[in-house]
Amino acid sequence: SKMNVCCMKRVCNGCILAAQRRGMNDICPFCRTDLPTDEASQLAMIQKRVDNGDSVAIYFLGNQYYYGMLGLARDGPRAVELWTEAA
């Protein structure tokens, strides 16, 4: 499964396969938003949801900081702040 950053929905592999068979390779099967093509676009989508107070997005951003993904530097204290905010 994978997390779609546009709507913060976890999509199982079966749903991904079904969407691909329907020709929905570049859009989210849940919200029909175009999927981001690079890390900067992904981060912008996540940040927009964080700014709106989406707790799932805040938690997800915390994970990105903790593991140093999406071009972010590894930052454990920042990750804990975000996880606490999401709780």
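The legends below describe an overall view and several close-up views of a predicted model.

In this predicted model, local features need pLDDT of at least 70 and side-chain atom pairs count only at pLDDT 80 or more, whereas totals for chains, interfaces and linings use all residues. Residues are numbered from 1 along each chain as its sequence is written, and side-chain values use heavy atoms, with hydrogens and water left out.

**Figure 1. Overall view of the protein, with four helices and two strands.** Read from the N terminus, the elements follow the order β-β-α-α-α-α; helices (H or I, at least four residues) and strands (E, at least two) are DSSP runs, numbered from the N terminus. Along the principal axes, the C-alpha atoms fill a box of roughly 40 × 25 × 20 Å. Of the 87 residues in the protein, 31% are buried, where buried means under 20% relative accessible area, exposed means over 50%, and partly exposed covers the range in between, with a 1.4 Å probe and protein chains only. Among contacts with a separation of 6 or more, 36% join residues 24 or more positions apart, a contact being heavy atoms within 4.5 Å.

**Figure 2. Close-up of the largest pocket, with a volume of about 210 Å³.** On a 1 Å grid over the protein atoms alone, a pocket is an open set of points where a 1.4 Å probe fits, with protein on both sides within 12 Å along at least five of seven lines, and lining residues have an atom within 4 Å of a point. Grid points are joined across faces, edges and corners, and the volume is the space filled by probe spheres set on the points. The lining is formed by Lys 2, Met 3, Asn 4, Val 5, Leu 35, Pro 36, Gln 42, Phe 60, Gln 64, Met 69 and Leu 70. Two or more of these residues come from each of strand 1 (2-4) and helix 3 (55-67), and strand 1 gives the most, with three residues. Sorted by class, the lining has seven nonpolar, three polar and one charged residues; here Ala, Val, Leu, Ile, Met, Phe, Trp, Tyr, Cys and Pro count as nonpolar, Asp, Glu, Lys and Arg as charged, and the others, Gly among them, as polar.

**Figure 3. Close-up of Gln 64, a residue of helix 3.** Gln 64 has a relative accessible area of 6% and is therefore buried. When its neighbours within four places in sequence are left aside, Gln 64 is in contact with Met 69, Leu 70 and Leu 72. Of these partners, Met 69 and Leu 70 also belong to the lining of the largest pocket, as does Gln 64 itself.

**Figure 4. Close-up of the aromatic cluster of Tyr 66, Tyr 67 and Trp 83, linked by ring pairs.** The structure holds two aromatic pairs; rings of Phe, Tyr and Trp (its six-membered ring) pair if their centres lie within 6.5 Å, with planes under 30 degrees apart counted as stacked, over 60 as edge-to-face and the rest as tilted. The ring centres of Tyr 66 and Tyr 67 are 4.9 Å apart and the planes stand at 90°, so this pair is edge-to-face. The pair of Tyr 66 and Trp 83 is tilted, at 5.4 Å centre to centre and 45° between the planes. This second pair links distant parts of the chain, since Tyr 66 lies in helix 3 and Trp 83 in helix 4 (residues 76-86), 17 residues apart. Tyr 66 is partly exposed at a relative accessible area of 35%, and Trp 83 is likewise partly exposed, at 26%.

**Figure 5. Close-up of the two salt bridges in the structure.** A salt bridge is a side-chain nitrogen of Lys or Arg within 4 Å of a carboxyl oxygen of Asp or Glu. In one of them, the side chains of Arg 49 and Asp 54 meet at 2.7 Å, N to O; Arg 49 is partly exposed, with 26% relative accessibility, whereas Asp 54 is buried, with 18%. Another joins the side chains of Glu 81 and Arg 78 at 3.2 Å, N to O, and both residues lie in helix 4, three residues apart, or about one turn of the helix. Glu 81 is partly exposed at 48%, as is Arg 78 at 28%.

**Figure 6. Close-up of Cys 7, in the loop between strand 1 and strand 2 (9-11).** Cys 7 counts as buried, with a relative accessibility of 11%. Beyond residues up to four places away in sequence, Cys 7 touches Cys 28, Phe 30, Cys 31 and Arg 49. The C-alpha atoms of Cys 7 and Ala 57 are separated by 8.9 Å, although their positions lie 50 residues apart along the chain when counted as sequence separation.
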